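Colleague: Could you walk me through reading a few side chains and a surface patch here? I'd like the general idea before each case.

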Amino acid sequence: MATVMNFALGEANELAHAMMARIGRDHGIRTLSIKGLVADRYGLRRPRVAADADVIIDPARFDEFCRLLRDYGWHLRVEREVPSLLGPHSVTLIRDDWPNDIDAHVRFPGFFADDQTVFERLWSTRSTMEVAHCEVTVPSRAASAVIAALHAVRYTKSVRHAGELERVAELLIDDFSDAEREEFLDVACVGRAQWVLRELFDLVGRPYEMDATPRQMQLWETNRATVEDGAAVSWLSTLRSVPLHRKPAVLARALWISREEIPRNDVSRLPTMREAWAHRMLRWRRGGIALWHYARWRR
């Protein structure tokens, strides 16, 4: 069994951001550190130690960057793929001897523009921060505030996320310069996130466009209402969308998880039968609660 490195979670995140910046520079791959550490440094939220280090990568070279992380000992956590209402946007990588995760993003939920278009606009705002004695490239404060707002507005039941959205709103009104405020609004416009962030556009007295399609709006609102309940509603949406002859297979896939697919960090260790059944029972219970919440929301 691998020995866990003797450093704290916050230190591990800083080292992960520095490592990813170095890998990107060495291989000419553009990366932008985002969310936790960056939001803390910009004062976009109340400081707290994140469980992971988030980075968004040039979509054209996303797969290559993830392969490079594997060369440094990072690997995907064992877990099966599940459907997502908003589509896959990141992969989570772990290292057995590190206490944190890396979330490598190819897109960020809430932006409905093309992935490359979004990345190029974020890249155009770039600045740098010194992290673990290394220069790390980050979006500007205004662009980081857009990301923070998109993340916060996605969670309707979380008091913490509501507070973080309120913090961005306060900064937007009381602390941002005119140039920063305009950059915030422009990043949202280019990224097709005006409708998602419409409350903030209203707050600054700026009209917004309905820049998401009706289907995208429906999926976004459904995701907001159910994201904290797991994947049950995503499985239901998939079941409804597939042809009749495929429904039994999708239903079976939704309900059953094999021992090999049970989420775990240790690839070499297969869960026991007792552990497998405990996990399945927990999933079924959580799925039932999620569908009950969804039915109430739909009323």
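Modeller: Gladly, and keep in mind that this is a predicted model. Let's begin with Arg-224, whose contacts beyond four places in sequence are with Val-153, Arg-154 and Thr-156.

Colleague: Where is Arg-224 found, and does Arg-224 count as buried or exposed?

Modeller: For burial, the cut-off to apply is under 20% relative accessible area. Arg-224 belongs to helix H9, residues 214-226, and counts as buried because its relative accessibility is 18%.

Colleague: Which backbone oxygen does the side chain of Arg-224 reach?

Modeller: That of Val-153, at 2.6 Å. Val-153 is also one of the residues in contact with Arg-224.

Colleague: What about Arg-181: which polar partner does its side chain have among side chains?

Modeller: A polar contact is a pair of N or O atoms within 3.5 Å. The side chain of Arg-181 makes one with the side chain of Asp-178, at 3.0 Å. A polar atom of the Arg-181 side chain also lies 3.0 Å from the backbone oxygen of Phe-176. Arg-181 sits in helix H7, residues 178-190, and is buried, since its relative accessibility is 17%. Setting aside neighbours within four places, Arg-181 touches Leu-172, Ile-173, Phe-176 and Val-204.

Colleague: And the surface: which helix gives the largest share of the nonpolar patch?

Modeller: For a patch, look at which residues make it and where they come from. Here about 710 Å² is formed by Leu-251, Leu-255, Trp-256, Met-273, Trp-277, Met-281 and Trp-284. H12 gives the largest share, four residues, and Met-281 is placed in that helix. Helices H11 (247-255) and H12 (273-298) each contribute at least two residues.

Terms used. Residues are numbered from 1 along each chain as its sequence is written. This is a predicted model: local features need pLDDT of at least 70, side-chain atom pairs count only at pLDDT 80 or more; totals for chains, interfaces and linings use all residues. Side-chain values use heavy atoms; hydrogens and water are left out. Buried means under 20% relative accessible area, exposed over 50%, partly exposed in between (1.4 Å probe, protein chains only). A polar contact is a pair of N or O atoms within 3.5 Å; within protein, one must be able to donate a hydrogen and the other to accept it, and residues adjacent in sequence count only if both atoms are side-chain atoms. Contact means heavy atoms within 4.5 Å. Patches are made of residues with over 30% relative accessible area and no salt bridge: like charges are joined within 9 Å, nonpolar side chains (Val, Leu, Ile, Met, Phe, Trp, Tyr) within 5 Å. Accessible areas come from the Shrake-Rupley method with a 1.4 Å probe; for residues, only the protein chains shown count as cover. A salt bridge is a side-chain nitrogen of Lys or Arg within 4 Å of a carboxyl oxygen of Asp or Glu.
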